[in-house]
Amino acid sequence: MMELPRRVFVGDGILDGLGEFILDLTSEGSALFVAGPQVKRKLGSRVEDSMTSVRLEIHWYITELSDKQDALQVAKIASSKGVSVVVGLGGGNSVDVAKLGSFYGGKPFVSVPTSASHDGISSPFVSMKGLEKPYSLVARPPIGIFADIDVIANAPRRLLASGCGDLIAKITAVKDWELARDEVSEYFGKYAANLALMSAEILLDGSFNLEGRRSKEGVRELVEALVSTGVAAGIAGSSRPCSGSEHLVTHALDQIAPGKGLHGEKCGVSTILMAKLHGLDWKAIARALQSVKCPTTYSELGIPRDQVAKAILLAPSIREERYTILTREKLTFEDAIRLLDDAGVA
Ligand SMILES: [Zn+2]
């Protein structure tokens, strides 16, 4: 089963056309917008104007905690108001709440990212506080993605750098998927794998840049690449092309050192580490992350070496059915410490 977005619009300064974009997807009715208080304050009136200009009614749900309760609330309001679509407007959290809420409520979902800090802007997966599993759950992918580069380019650089970390993670995710194909005969989708890999590789050729005169070009490339990796997951029908051992370590760190570092930052550093374990060119990955000012050590994220070593040991049990390099290597605590030191990421 492939589930893909029906329409993706990436452009510079397109926000005022959002109403028309949603009208094309839904043809009538009203929309429930999910946003944080800051984004609502900043973009709310422009969004409302664009919706009313095409005679679409708009309701708001303001999310503060962005947890499962929020998503259940969104589902309830979407049903009681009889909206035809739920729209996630914001960074990762509001988009995730809207995605899960629309899934619970059986409504289509449109993603309108205002930053690009992880691949959730386009993927069918959600991870948030209060869910049963410590890793991402499968919901539905957005039917539409609307990304205004002008808005996203104004997001804090730390968020965009974090998006680069989640993007580069596809290198070890695909390597782990290949390993599962070779060692435990798991289904491997070559097209989906290549698409995810190609997206990650934009960071490696030295031309990628989020700073200076051509920064908008970099932001556009990052958004397009993150959208493509979400599509790769849709084609694969699983998160395999997007999430491997580096994500398992990240999810283990979410438990062992909660609140330290952003998702993409943890993924980025863990990608260097897992690339070293895979025998890949881990130094090139570290250089690419440095060039976009994404952290390359756990200490920059405030996580001590011992805690990371514990997370590496915990990682394979986070999701036992997912075969990765960590399943095969069965590292001891001392192995993990040595690996951290050798890769220079402690
Ligand atoms: Zn991720």
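Two strands count as paired if DSSP finds at least two bridges between them, and that is the sense in which pairing is used on this tour of a predicted model.

Begin by selecting strand S4, residues 85–90, together with strand S5, which pair in the parallel sense over 5 bridges. If you pick out Gly-88, you will find that its bridge partner in S5 is Ser-111. Now add helix H4, residues 92–105, to the selection, and you have the piece that makes a right-handed β-α-β unit with S4 and S5.

Next, keep S5 alone, residues 109–113, where 5 of its 5 residues are buried. Turning the view along this strand, you can see Phe-109, Ser-111 and Pro-113 pointing one way, while Val-110 and Val-112 point the other way. From S5, move on to strand S8, residues 144–148, which runs parallel to S5 and is joined to it by 2 bridges. Ser-111 is again a useful residue to select, as its bridge partner in S8 is Ile-145.

For the last stop, select helix H8, residues 190–201, whose 12 residues reach 16 Å from the first C-alpha to the last, close to the 16 Å expected at 1.5 Å a residue. Colour Ala-192, Ala-193, Leu-195, Ala-196, Ser-199 and Ala-200, which are buried. Looking down the axis of H8, you will see these buried residues fall within an arc of 165 degrees, so they line one face of the helix. Showing helix H6 (157–168), helix H7 (170–184) and helix H9 (215–236) brings in elements that are among what covers the buried residues of H8, whereas on the other side of H8 Lys-190 and Tyr-191 are exposed.

Key
Residues are numbered from 1 along each chain as its sequence is written. This is a predicted model: local features need pLDDT of at least 70, side-chain atom pairs count only at pLDDT 80 or more; totals for chains, interfaces and linings use all residues. Helices (H or I, at least four residues) and strands (E, at least two) are DSSP runs, numbered from the N terminus. The expected span of a helix is 1.5 Å times one less than its number of residues. A residue is buried if 20 or more other C-beta atoms lie within 10 Å of its own, exposed if 12 or fewer, and partly exposed in between; C-beta atoms are placed from the backbone. The arc is that of the directions from the helix axis to the C-beta atoms. Two residues are in contact if their C-beta atoms, placed from the backbone, lie within 7 Å. A crossover is right-handed if, with the strands pointing away from the viewer, the path from the first strand over the helix to the second runs clockwise.
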